[in-house]
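User: Please take a close look at one strand and its partners, and describe how that part is put together.

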Amino acid sequence: MFKQTSQWEGLSYTSNSSSIVYEGSAVGGYNKNAYLLQCYLTIITVLAGGTGSIKLVRGLAAMEKDISVICNVGDNIWIHNLYVCPDIDTIIYGLANILDQKRGWGIKGDSFHCLAQLKKIGASAWFGLGDRDLAMHLLRTSMLKEGKSLSEITNFFRDCYSISAQIIPATDREVMTTIVTSTLGELHLQEFWVRHKGRPKVTGVRYENASSVTANPAALDAIERCHAVVIAPANPVSSIGPMIALTDLRKALVRNRDKVIAISPLIGGKAVSGPAVKYMKALGLQASSFGVAKYYHDFVSKFIISKGDHRMKLQIETLDMQVYETNITMKTKRDELSLSRRLLRLVEKNKIK
């Protein structure tokens with residue numbers, strides 16, 4: 001359990017969520033083609049991105065069907081004239097139980113014959129697209145060209161895989177995370193991390209178009225209508241950063257600060273996975289759980305850290321945050337369920353909303 005949380009032991013967790021359905025343009029012209037937008041009074045709304053998020057989302061989804069997942073779109077990329085949405089696809093594959101968990105992306109057991117053939121004929125082949133994975137990108141791109149929104153397309157795939165959780169792109173507009181390097185100039189996030197394996201020195205991070213686009217109305221509704229918002233233990237700069245760079249989404253989080261919980265993605269100054277430390281240092285942030293808490297302090301009221309970061313508890317509390325300590329490492333399905341169970345008990349205990 002969380003440290004100093006024996007009072008929570010034995011708490012039961014019950015769902016009393018309901019749903020509201022809006023038609024077509026009833027929510028600011030959100031859809032064009034008589035698509036139904038489902039806005040749930042969910043127990044949990046999760047802001048998710050990267051490989052760390054799916055572990056928590058998968059655990060929560062195993063225990064509670066009425067959850068919403070707002071997905072990062074900052075690392076979406078056009079490649080070989082296909083529109084690829086890595087974070088959205090990871091959530092879909094993960095909840096459909098077909099994710100390649102060893103890689104953290106793509107479909108388990110997939111082959112890469114197309115990629116090998118591209119390389120053989122001299123085409124760019126640095127971005128891993130599996131043969132079965134290509135089906136998602138081919139159909140998504142075709143639907144986009146037909147005028148469908150990213151939200152409509154994502155919901156279509158969610159239905160295809162019979163996923164009960166709502167999966168919501170943070171925005172239907174293109175927002176691109178750009179990594180500024182000292183040697184190679186500006187790179188798309190995927191080019192930096194995949195093509196160049198995260199080696200160049202990072203001097204800055206930008207979220208192209210974020211200041212000029214609006215958040216997905218369904219994402220804003222999901223924040224307003226849930227019992228608690230959870231910031232997954234994802235890279236705060238490249239996975240959460242593009243979403244909170246959306247002015248209206250950040251305002252919604254600030255407005256609902258009392259029910260926003262974040263889980264630190266760092267333990268002892270090191271990221272559980274990925275280049276979070278490198279990005280944080282480039283932005284002048286302290287690479288620690290305290291640094292993440294400070295980055296989130298205006299919209300997060302409850303912060304969960306590793307027991308190994310106990311020494312930072314008092315420092316984080318100066319940011320007007322309640323701090324909870326537990327095991328935040330999710331190496332197994334059992335770990336995913338354990339952290340999710342503790343999180344749901346925290347929501348129940350605090351009667352958020």
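Analyst: Strands E8 and E9 make a hairpin, with three residues between them. E8 covers residues 176-181 and E9 covers residues 185-188; strands (E, at least two residues) and helices (H or I, at least four) are DSSP runs numbered from the N terminus. This is a predicted model, in which local features need pLDDT of at least 70, side-chain atom pairs count only at pLDDT 80 or more, and totals for chains, interfaces and linings use all residues. Residues are numbered from 1 along each chain as its sequence is written, and side-chain values use heavy atoms, with hydrogens and water left out.

The two strands of the hairpin pair in the antiparallel sense over four bridges; pairing requires that DSSP finds at least two bridges between two strands. Within this pairing, threonine 178 of E8 faces histidine 188 in E9.

E8 has another partner, strand E10 (residues 202-208), to which it is joined by six bridges, again running antiparallel. Here isoleucine 179 stands opposite valine 205 in E10.

In a regular strand, side chains alternate between the two faces of the sheet.

As for burial, five of the six residues of E8 are buried, so the strand is largely enclosed by the rest of the structure. Buried means under 20% relative accessible area, with exposed over 50% and partly exposed in between (1.4 Å probe, protein chains only).

For the wider setting, the largest nonpolar core has 98 residues, and Ile44, Leu249, Tyr296 and Phe303 have the most contacts inside it. Such a core is a set of buried Ala, Val, Leu, Ile, Met, Phe, Trp, Tyr and Cys residues joined through side-chain atoms within 4.5 Å.
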